[in-house]
Amino acid sequence: MNNIKKYKKGLLFFEANFLDKIISFEYEDANSATKIVGIQFKKQHFAHLCGIKYKFGAKKFFDDLKNGNVATKNIIYNDRKDLVNAKAAGMDCLATILKPGVRVCESGKFAHLEFDAALRTGRDILALAVKYQDNGFFVCNSLLNLKIFKDNQGQIKKSFQVTSVYSFDKKTRTKNIIF
């Protein structure tokens, strides 16, 4: 299983768009109340999105992958290779969650994964499941490939159109409107 190139593509996406930023997805719920899913991403979240564990830890996986130093013998794969491969295949479509048409699902379950919110593409491509944290933000919990696991899609069908996406760069203290 050679998913390293796909992982690297996903890493570059998260590094450019999420790392050291707060990404906010604004939408209106069923009661027309404006709500925001604000995501903070850390390096150690990435290995989990890939569905793997790394012999030297999740943060080291991010750094080693970025620097081209990942040896596949140090990757510990989930028992379900189909899930790992589905997550890797989803890395090609990550940019779609930052484009118009993205939707928010407020809590749910996909297969055996429970999430507090999910950012999903308008078409059944992928969803980024997130969990709420005590600091008021969400963290990435799982990458769900909706194209492959069609039998679970009903769990995240009810969703709300995102009206805007913006980022706040924690280093430069600037706000960037994505759409």
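Reader: Which residue in the turn between β5 and β6 has a positive phi?

Author: In this predicted model, Ala111 is that residue, with a phi of about 55 degrees. The hairpin that β5 and β6 form has two residues between the strands.

Reader: How many bridges pair β5 with β6, and in which sense?

Author: The strands pair over seven bridges in the antiparallel sense. Strand β5 covers residues 103–110, and strand β6 covers residues 113–120. Within this pairing, Leu119 of β6 is the residue opposite Val104.

Reader: And what joins β6 to β7?

Author: A hairpin of five residues makes that connection. Strand β7 spans residues 126–132 and pairs with β6 in the antiparallel sense, over four bridges. One of the partnerships sets Ala117 against Val130 in β7.

Reader: Back to phi. What is the phi of Asp20, and where is Asp20 placed?

Author: Asp20 has a positive phi of about 65 degrees, although this residue is not a glycine. Most residues other than glycine have a negative phi. Asp20 sits in the loop between α1 (4–17) and β1 (21–28). With a relative accessible area of 31%, Asp20 is partly exposed.

Reader: Is Arg173 buried or exposed?

Author: Arg173 counts as exposed, because its relative accessibility is 60% and the threshold is over 50%. Its loop runs between β9 (160–169) and β10 (174–177). Arg173 is not a glycine either, yet its phi is positive, at about 60 degrees.

Reader: What about glycines: which one follows α3 with a positive phi?

Author: Gly68, just after α3, takes a positive phi of about 75 degrees.

Reader: While we are at α3, which of its residues are buried?

Author: In helix α3, residues 58–66, the buried residues are Phe61, Phe62, Asp64 and Leu65. An α-helix has 3.6 residues a turn, so residues three or four places apart point the same way.

Reader: What do those buried residues pack against?

Author: They pack against α1, α2 (46–50), β3 (52–54) and β4 (75–77).

Reader: Turning to polar side chains, where is Gln40, and is it buried or exposed?

Author: Gln40 belongs to strand β2, residues 34–40. Gln40 is buried, because its relative accessible area of 13% falls under 20%.

Reader: Which side chain does Gln40 have a polar contact with?

Author: The partner is Asn135, and the polar contact between the two side chains is 3.1 Å. Leaving aside neighbours within four places in sequence, Gln40 also has contacts that include Lys21, Ile22, His45 and Lys170. Phe137, Phe138 and Val139 are likewise in contact with Gln40.

Reader: Why does Asp29 count as buried?

Author: Asp29 has 10% relative accessibility, and buried means under 20%, so Asp29 counts as buried. Its place is in the loop between β1 and β2.

Reader: What does the side chain of Asp29 reach?

Author: It reaches the backbone nitrogen of Ala33, at 2.9 Å. Beyond the neighbours within four places in sequence, Asp29 is in contact with Lys35, Glu106 and Phe160.

Reader: Now pockets. What volume does the largest pocket have, and which elements line it?

Author: The largest pocket holds about 570 Å³ of space. The elements giving two or more residues to its lining are α2, β3, β4, α4 (81–90) and β8 (138–145). Strand β8 provides the largest share, four residues.

Reader: Which lining residues lie nearest the centre of that pocket?

Author: Those are Gly51, Asn78, Leu83, Lys87 and Ser142, out of 25 lining residues. By class, the lining comprises 14 nonpolar, eight polar and three charged residues.

Reader: How many cavities of 30 Å³ or more does the structure hold?

Author: The structure holds one such cavity. The largest cavity contains about 30 Å³ of space.

Reader: Which residues line the largest cavity, and how do they divide by class?

Author: The lining consists of Ala89, Gly90, Cys93, Ile125, Leu126, Asn145 and Lys147. Four of the lining residues are nonpolar, two are polar and one is charged.

How values were computed:
Residues are numbered from 1 along each chain as its sequence is written. This is a predicted model: local features need pLDDT of at least 70, side-chain atom pairs count only at pLDDT 80 or more; totals for chains, interfaces and linings use all residues. Side-chain values use heavy atoms; hydrogens and water are left out. On a 1 Å grid over the protein atoms alone, a cavity is a set of points where a 1.4 Å probe fits but cannot get out, and a pocket is an open set with protein on both sides within 12 Å along at least five of seven lines; lining residues have an atom within 4 Å of a point. Grid points are joined across faces, edges and corners, and a volume is the space filled by probe spheres set on the points. Ala, Val, Leu, Ile, Met, Phe, Trp, Tyr, Cys and Pro count as nonpolar, Asp, Glu, Lys and Arg as charged, and the others, Gly among them, as polar. Buried means under 20% relative accessible area, exposed over 50%, partly exposed in between (1.4 Å probe, protein chains only). A polar contact is a pair of N or O atoms within 3.5 Å; within protein, one must be able to donate a hydrogen and the other to accept it, and residues adjacent in sequence count only if both atoms are side-chain atoms. Contact means heavy atoms within 4.5 Å. Two strands pair if DSSP finds at least two bridges between them.
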